Amino acid sequence: MTGKEELGTMIDQALKIASAEGEAIVRGRNVLEHQIRISNSEIDIFKQWEYTVLEVFVAIEGRIGTTEIFNPSPKVITKEIGHLKKFVKSLQPTPLFQGLQEDIKPPTKVETLYDKRIRDFPDQAPDVVMAALNAAQKSGAKRTAGSFFFDETHVMLKTSQGFSGAFPESSYRITLRSFVDPESSGQGIAVGRTLGNVERTITYAGKESGEIASLAVDGKQGKAGKYDLVLHPTVAASILGELAGSANPLLFLMGMSPLKDKLGEKIGPDLLQIWDDGRMPNGLGSAPFDFEGTPTQRSSIITNGKLEGLVHNASTARMQQTKSTGNCQLVKFSLGTKLVVPAPTNIVFSKGDASFEELLEPQRPTIYVTSNWYLRYTSQLEGTFSTIPRDGMFLIKNGEIGQPVQKLRIADNLLRMLANVEAMGKEPRQVRWWEVDTPTFIPFVRIKDVPMTAATQ
Amino acid sequence: MTFHDLVQHGIEYGDAQGAEYIELRYVRYLTEGYNTRNGEIFAAGSTETSGIGIRAFANGGIGFVSTTILEKDAIQQAVKTAIRLAQSSKRKTPLTLSKEPVVQTQWKVQVKIPFVDIASETKLNRVLDVDKTLKQTFDEKTFPYRVIILSLETQKKYFMNNEGTQVEADQSLGRYAVLLTAQGSKGTEQRTFSRGSTEGWEWFESPQFIQSIIHEANDVKAVADNAKNMKFDKPIDVVVGAEVAGIIAHENCGHPSEADRIQGREGMNAGESFWMDIEVGKTRVGSPAVTVIDDPTIPKSGGYYLYDDEGVKARPRYLIKEGIANEMLHDRLSAGKAGVRSNGSSRATNYDREPIPRMANTYIAPGDYTFDELIADIKFGMFMKSFTEWNIDDRRYQSKYVGLYARIIRNGEITDEFIRRPVLELTSQGLFEAVDACSKGFASEQAICGKSDPGQGIPVWTAGPDGVRMRKIHLGGMS
C-alpha cells in the first residue's frame with residue numbers, strides 16, 4: 001500500500017497538471033478490502049483487493065471529464081492526466097457544471113469512522129463467520145449462505161480551490177441468508193465501522209436469519225389484495241429509502257424522480273422526518289467532507305411530512321441559488337464515466353414510538369415483510385413500481401406473527417406508500433446490503449393499504 | 001516483464017508454493033462513455049485499467065486476489081496471499097474443478113474500425129446527432145427528457161492455469177442505451193432500450209443506428225398518445241415480440257439454469273432456482289414449442305466469446321429442448337461439484353472479479369410460422385411488443401412483465417387499440433406451458449446482466465422470434 005506521504009506527493013503532482021488550465025479535484029485512496037462468500041454453511045471463497053487509485057476530475061472552460069489512475073507513478077500520472085485534458089478539450093461545455101466549491105471550510109468531525117484493528121481482522125474473520133453460521137444453525141437453519149465484506153481505506157483529497165483533507169475509514173457489512181428448505185428462508189444483516197462488537201452483531205444476524213427461516217416453514221400461496229404491511233427495516237430502507245434518495249436535482253433533470261415539482265409540498269404524515277446525514281456516527285456513508293471538500297452536514301429532506309430539501313453539490317446549488325449540502329460524490333454512471341454530482345450519504349429516518357408488538361396490532365388484514373429485492377419501475381417520474389418480498393413473509397393474527405405466506409408482490413407507488421405510513425418503530429437499524437446501496441437508518445414501519453399481487457397462472 | 005511473462009511467473013510461483021490449482025487472468029480494459037441529456041453533454045469519460053486476477057485452490061478452499069501492480073514481486077505476494085486465504089477457509093467439503101482439455105489458443109472479435117482510431121469529438125457528435133434527429137422528427141414537447149448513453153469497451157485478456165491452458169483474447173463491444181420520457185395526450189410513458197454489437201466503430205456508422213432509435217421513439221409516442229386502461233374478465237391469447245421473448249428467455253430460463261444457483265452458491269445474492277426441484281433432462285417445464293438456447297458463439301452478438309474465462313471452449317447450450325429442461329450453465333467449479341464437464345459458461349467482468357457461470361446470448365428458438373400466421377389464428381388477444389417494469393423472484397419462478405407497446409388483436413389482425421400497461425404476471429412454468437407457436441423472425445436486445453456480490457454486470461443479448469404466441473393468459477396486476 002502506498003504511504004501517506006507518497007500519496008500526498010502524487011496528489012500534488014496530479015493536481016498541478018490537472019488544474020493548469022482550469023479547475024480540478026484529485027482524490028487518492030489506499031484500499032485494502034476483503035470478502036468471504038459463504039454457501040451451504042461453508043466458506044466458498046476468500047478474496048482480497050488491495051490497490052491505490054487516484055480519481056481525477058478536470059474542468060476546462062465548462063468542459064468536464066474524469067479518470068482513474070490505478071497504481072500511480074509520476075510517469076503514469078503525467079501521461080494519464082495529459083490524455084484526460086486532451087479528451088476534455090475535445091468535448092463541449094456542460095450546463096450541469098457550474099464551478100467547484102469556492103467556500104473552503106474545515107472538515108466536519110465525524111465519530112466512529114476508523115478502527116485500526118481491521119488490519120489484522122482477516123486472520124479472525126473465518127472464525128467470526130463460523131460463529132454466525134453456528135448461531136443460524138441453532139436457530140433452526142439447515143444451511144446458510146452469506147457475504148461478508150470488511151475494508152480499510154485511507155482517503156486524501158485536494159482541490160484546485162485550495163481544499164486539502166485526509167481521513168482513514170474502516171467498515172464491515174455482512175448479509176446472511178438461512179434456509180430450512182428451498183422455500184423457507186430468512187435474512188439477517190449487520191453493518192458497522194468498528195470491530196468492538198462485530199462478533200455480537202454478526203452472530204445476531206445469523207440468529208435472526210435462522211429464526212425467520214424457521215418461522216417461514218410451510219408457507220402458503222398468499223392471496224392477492226390490499227393489506228397493511230409491517231416492513232422490516234431492510235424492506236423499509238429499500239422502498240422508502242429509494243424515495244428519499246430521489247430528492248436529488250440530478251434525477252429531476254433526467255425525469256427519474258417522482259419528487260420533481262413537489263418541493264415545499266406535504267407528501268407524507270406529520271410523523272415523517274427524513275434527513276441526509278453525512279456525519280452519522282457509525283454510518284457507512286459518513287465522511288468529514290465530500291468530493292469537493294465541502295464539510296458534510298445533516299440536511300432535512302422531509303420535515304413533518306413536507307418535502308423540505310434536496311441534496312446538493314456546488315453546481316446544483318448554484319443552479320438553484322442555494323448552498324451545497326456537502327453531498328458531492330463521484331458516482332459511476334456508465335462505462336468509463338463517473339459523474340461529479342449530488343448523491344445521498346446516509347439516509348436517516350426519525351424513530352417513532354411504536355414497539356414491534358404495537359406495529360403488529362391488527363387494524364386491517366396485515367402482512368409482515370422481512371426482505372425484498374428487485375425494485376423496478378414502470379415510471380420513475382411517477383414512482384410506479386413493484387418489488388418482490390423474499391424470505392419469510394407472514395400474516396398477522398391477533399397481533400402476532402402467524403401463517404407464513406409466499407409468492408406475493410408489492411405493486412404500488414412510492415408517493416402513495418409514503419403518504420400511507422401509519423407508524424414507525426422505536427429502534428432504527430442501519431441497512432446496507434446488495435439491494436440497498438445508500439446506508440439507511442430506519443426502524444420497522446407500518447404502511448396501510450398496499451396492493452399485493454400474485455401470479456395468475 | 002511483459003504480461004505474458006508475469007502470468008507465467010505467477011503460475012510457476014503458485015506451483016512452487018503448493019497451490020493445488022492456480023490460474024492468472026490478465027485484463028487490460030479500455031472503457032469510454034459519452035452521455036447526453038436533451039441534446040447537451042452531461043458526462044463523458046475514458047478509463048483504462050489493467051491488472052491480474054489470481055484464483056488459487058489449497059486445502060479444499062479457494063482464495064482470490066487481484067493486483068494492479070504488474071511487477072514480479074507484487075505477483076508473488078498476491079499468489080502467496082491467495083493461497084493463504086484459500087487455506088484459511090477450513091472447508092469440510094473440498095472444492096474441485098471439472099477436468100477439461102488443455103488448450104493453447106487465441107481468439108478475437110473482428111473489428112474494421114477500432115474505437116481508438118476515432119476522435120472523441122466524432123464519438124460525441126454521433127450521440128448528439130441522435131438527439132438532433134429526435135428533435136427534428138418530433139414536436140419539442142413530445143420527449144421532455146431524452147438521455148442517450150454511448151458505451152465503448154475494448155478488452156485484452158490473457159488466461160493461464162497450472163494445467164497448461166493458455167488463452168489470449170481481444171474483445172470489442174459498442175453499445176448504446178436510450179431513456180425516453182414521452183408526453184402524450186393520454187399521459188407520460190418512459191422507455192429504456194439498448195442495442196449493441198461486438199464490432200468496432202463501423203457499427204455506429206450504419207444508417208440503422210439512428211433509424212432504429214427513431215422507430216422506438218415513434219412507438220413510445222404512440223403509447224403515450226393512445227394507450228387506454230382495459231380490463232379483461234377472461235383469459236386472452238397473447239403474442240409477445242422479440243424484446244419480451246428475450247427477457248423471458250433470460251429471466252425465466254437462463255437464470256434458473258445457472259448451476260451455481262442450483263447448487264446454492266448464489267443463495268445470498270442472486271438467489272437459488274426452481275430448477276433445484278426438477279430433474280434436468282427429464283422434467284417438462286414448457287410446451288413442445290419451447291426451445292431456449294444460450295449461445296456465446298454468435299458472431300457480432302453482445303455476449304460473444306469463443307473461450308470462456310476458465311479457458312473452456314464455448315458452445316451453444318440447449319437449456320430447454322422442446323419443453324424439457326435440458327442443460328444447466330456450468331463453469332468448472334459447478335461442473336466439478338456435479339461430476340460433469342463445463343459447457344464454457346464461465347465469465348468475469350474484469351481482472352478483479354472471480355469467474356462464475358453466466359449467460360451469453362439467450363433466446364427462444366424461432367419456429368416455423370410467419371408473424372402474420374401467428375396473429376391470423378387469434379380471434380381476440382394482445383400483441384405485446386415491448387416492456388417497461390419487470391422483476392422475478394429469487395427462485396426465478398414468479399415473474400412480472402409490464403407491457404409498453406401493446407395492441408389489441410381482433411379477428412386475426414392487430415388493431416389501432418393500445419392497451420395501457422398490461423401485466424403478464426406468470427410463473428415460469430405457466431408461461432412456457434402456454435406457448436403454442438413461435439415465428440421465424442429473430443431480433444436481439446443488448447442488455448447488461450447483473451449477478452453476484454460484488455456485482456458483475458456483464459454484456460449479453462436477450463433475443464427471440466418476433467412473435468411468441470401464448471394461449472389463454474390471465475392478465476395480472478390490480479385495478
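In this predicted model, helix 1 of chain B and helix 2 of chain B cross in a right-handed sense. The axes of helix 1 (residues 3-16) and helix 2 (residues 72-88) of chain B come within 9 Å and cross at roughly 40°, which makes helix 1 of chain B oblique to helix 2 of chain B. On the side of helix 1 of chain B, the contact is formed by B:Leu6, B:His9, B:Gly10, B:Tyr13 and B:Gly14, and these meet B:Lys72, B:Ile75, B:Gln76, B:Val79, B:Lys80 and B:Ile83 in helix 2 of chain B. The residues of this contact divide into five nonpolar, four polar and two charged.

A second helix pair in chain B is formed by helix 3 (residues 120-137) and helix 5 (residues 208-226), which pack at an angle of about 40° with their axes 10 Å apart. That angle makes helix 3 of chain B oblique to helix 5 of chain B, and the crossing of helix 3 of chain B and helix 5 of chain B is right-handed. Here B:Arg126, B:Asp129, B:Val130, B:Thr133, B:Leu134 and B:Thr137 in helix 3 of chain B meet B:Phe209, B:Ile210, B:Ile213, B:Ile214 and B:Ala217 in helix 5 of chain B, and the residues of the contact divide into seven nonpolar, two polar and two charged.

Turning to the backbone, most residues other than glycine have a negative phi, and most peptide bonds are trans. Two residues of chain A that are not glycine have a positive phi, as tabulated here.

| Residue | Phi | Loop in chain A | Relative accessibility |
|---|---|---|---|
| A:Asn40 | about 50° | between strand 1 (23-39) and strand 2 (42-60) | 31%, partly exposed |
| A:Lys407 | near 60° | between strand 19 (400-406) and strand 20 (409-413) | 24%, partly exposed |

In chain B, the peptide bond from B:Asp453 to B:Pro454 is cis, with omega near 5°, and B:Pro454 lies in the loop between strand 22 (443-449) and strand 23 (458-464) of chain B.

Another loop residue of chain A is A:Gln101, placed between helix 2 (74-89) and helix 3 (121-138) of chain A. A:Gln101 counts as buried because its relative accessibility is 11%, below the 20% cut-off. The side chain of A:Gln101 is joined to that of A:Thr294 by a polar contact of 2.9 Å. When residues up to four places away in sequence are not counted, A:Gln101 touches A:Gln161, A:Glu292, A:Thr294, A:Ala314, A:Arg318 and A:Ser324.

Terms used: Residues are numbered from 1 along each chain as its sequence is written. Chains are lettered from A and ligands numbered from 1 in the order in which they are written. This is a predicted model: local features need pLDDT of at least 70, side-chain atom pairs count only at pLDDT 80 or more; totals for chains, interfaces and linings use all residues. Side-chain values use heavy atoms; hydrogens and water are left out. Helices (H or I, at least four residues) and strands (E, at least two) are DSSP runs, numbered from the N terminus. Buried means under 20% relative accessible area, exposed over 50%, partly exposed in between (1.4 Å probe, protein chains only). A polar contact is a pair of N or O atoms within 3.5 Å; within protein, one must be able to donate a hydrogen and the other to accept it, and residues adjacent in sequence count only if both atoms are side-chain atoms. Contact means heavy atoms within 4.5 Å. Axes are lines fitted to C-alpha atoms, for helices over the stretch in contact, and angles run from 0 to 180 degrees between N-to-C directions. Angles under 35 degrees count as roughly parallel, over 145 as roughly antiparallel, 65 to 115 as roughly perpendicular and the rest as oblique. A crossing is left-handed if the near helix is turned anticlockwise from the far one by less than a right angle, and right-handed if clockwise. Ala, Val, Leu, Ile, Met, Phe, Trp, Tyr, Cys and Pro count as nonpolar, Asp, Glu, Lys and Arg as charged, and the others, Gly among them, as polar.
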